[in-house]
Amino acid sequence: MALTKTPIELSSTPSIVDGGNATAITIDSSERILIGADSGDAFNDDAMLRLQRTGDRVFIQLKTDADQNSAILFGDVDDDVECAIEYEPANKALTLSTGDNTEAMRIDSNQAVGINMNPNGYGQLSVNGTGVVLALRASSGAGQLGFYEGGTGRFYFKTLNGSSG
């Protein structure tokens, strides 16, 4: 990939023009990048990249060969990858990693979710941990955990509305 630098003295707002003679990419004086047409509203001070399209949806697509993963990586000056959202095309899984890029959650090709574990064969939601593994909180009144079959409630666990027991 070729890298093109535009000296700031050549333009107050360096930009790249597409084949339709419209500005496709704009780099502002703070080195933030806008891809698309500027709507005139303020650029978020924390954002370095903004994608904008008037009158239509905007997507970001990461596309690789079928045997290569693609990801959005989050890091800092101490560690290039602390957290990640990663797609594994070989097994059609999406993973979320935290804490020094340790896998925290996996959604497999059957839409089964595993938290701190691979969900294979354990049901649609599998959670692994120590101590309190699953905490459910009702914001007010009695809490309830319901089990449904075909949309019909079959079995419930209910709290004692403020009492323990």
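**Close-up views of a predicted model**

**View 1. Ile-72, a partly exposed residue of strand β5.** In this predicted model, Ile-72 counts as partly exposed because its relative accessibility is 43%, a value between the limits of 20% for buried and 50% for exposed residues. The residue belongs to strand β5.

**View 2. A nonpolar patch on the surface that includes Ile-72.** Together with Ile-72, the patch consists of Ile-60, Leu-62, Phe-74, Ile-85, Tyr-87 and Leu-94. The accessible area of these residues together is about 620 Å². Strand β5, which spans residues 70-74, supplies at least two residues of the patch, and so does β6, which spans residues 83-88.

**View 3. The tilted aromatic pair of Phe-147 and Phe-155.** Four aromatic pairs are found when the whole structure is searched. In the pair formed by Phe-147 and Phe-155, the distance is 5.7 Å centre to centre and the angle between the planes is 50°. This pair is classed as tilted because its angle is neither under 30 degrees, as for stacked rings, nor over 60, as for edge-to-face rings. Phe-147 has a relative accessibility of 39% and therefore counts as partly exposed. Phe-155 is also partly exposed, with a relative accessible area of 43%.

**View 4. The edge-to-face pair of Phe-155 and Phe-157.** The ring centres of Phe-155 and Phe-157 lie 5.1 Å apart, and their planes meet at 85°, so this pair is edge-to-face. Phe-157 counts as partly exposed because its relative accessibility is 47%.

**View 5. One aromatic cluster of three residues.** Phe-147, Phe-155 and Phe-157 together make up one aromatic cluster.

Terms used: Residues are numbered from 1 along each chain as its sequence is written. This is a predicted model: local features need pLDDT of at least 70, side-chain atom pairs count only at pLDDT 80 or more; totals for chains, interfaces and linings use all residues. Side-chain values use heavy atoms; hydrogens and water are left out. Patches are made of residues with over 30% relative accessible area and no salt bridge: like charges are joined within 9 Å, nonpolar side chains (Val, Leu, Ile, Met, Phe, Trp, Tyr) within 5 Å. Accessible areas come from the Shrake-Rupley method with a 1.4 Å probe; for residues, only the protein chains shown count as cover. A salt bridge is a side-chain nitrogen of Lys or Arg within 4 Å of a carboxyl oxygen of Asp or Glu. Helices (H or I, at least four residues) and strands (E, at least two) are DSSP runs, numbered from the N terminus. Buried means under 20% relative accessible area, exposed over 50%, partly exposed in between (1.4 Å probe, protein chains only). Rings of Phe, Tyr and Trp (its six-membered ring) pair if their centres lie within 6.5 Å; planes under 30 degrees apart count as stacked, over 60 as edge-to-face and the rest as tilted.
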